[in-house]
Amino acid sequence: MPSFQRHVFVCTNERAPDHPRGSCKLKGSVEVRDTLKAELKARGLAKLVRANNAGCLDQCENGITVVVYPEQVWYGHVTVADIPEIIERHLMKGEIVERLLLPDQPHLGDKKQLPALEVT
Ligand code: FES
């Protein structure tokens, strides 16, 4: 069984276009997920980091929503263009990408630095 160091969940929930909360899929989350998968593979990280689909993460107004586990860092308004930065800064260096950080994450405290991936 693979032993992933991180799981990155991308909301791919879809709602009707006229739904008041919107949905991540209609904002392009499948492309975000596919880009994440491709970029992890290109960097040789696909065995360390799993890109997962997620159902609605209840942050629809802030979508596209992405959460990194186990550290539980929630990012919002994520686009395809943000994926390299999330991989290179958050995953590879352990730096929180503050410009994408959703508010109200008290479990993070004042942390700016998290454990980086252990790449052997
Ligand atoms: S639809 Fe993505 S967080 Fe709700």
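The following paragraphs lead through a predicted model, beginning with its sheet and then turning to one of its helices.

The sheet is an open one, formed by four strands that follow one another in the order E2-E1-E3-E4, and the pairing within it is mixed. At its edges stand E2 and strand E4, the latter covering residues 73-75, and each of these two pairs on one side only. Direction ignored, neighbouring strands of this sheet are turned against each other by 20 degrees on average. Within the sheet, E1 and strand E3, which spans residues 66-69, run antiparallel and are joined by four bridges. One position along E3 can be picked out here, since Val-66 in that strand stands opposite Val-10.

Helix H1 takes up residues 29-42, and its 14 residues reach 20 Å from the first C-alpha to the last, which is close to the 20 Å expected at 1.5 Å a residue. Which residues of H1 are buried? They are Ser-29, Val-32, Arg-33, Thr-35, Leu-36 and Leu-40. These residues lie on the same side of H1, because the arc that they cover around the axis is only 165 degrees. The cover over the buried residues of H1 includes two strands, E1 (6-11) and E2 (49-54), together with helix H2 (83-93), so that the helix can be placed in relation to the sheet described above, in which E2 and E1 come at the start of the strand order. On the other side of H1, by contrast, Lys-41 and Ala-42 are exposed. After the helix comes Gly-44, a residue whose phi is positive, near 70 degrees.

Terms used: Residues numbered from 1 in each chain as written. Predicted model: local features only at pLDDT ≥ 70, side-chain atom pairs only at ≥ 80, totals over all residues. Expected span 1.5 Å × (residues − 1). Buried ≥ 20, exposed ≤ 12 C-beta atoms within 10 Å, placed from the backbone. Arc of directions from axis to C-beta. Contact = placed C-beta atoms within 7 Å. Pairing = 2+ DSSP bridges. Axes fitted to C-alpha atoms, helices over the stretch in contact; angles between N-to-C directions.
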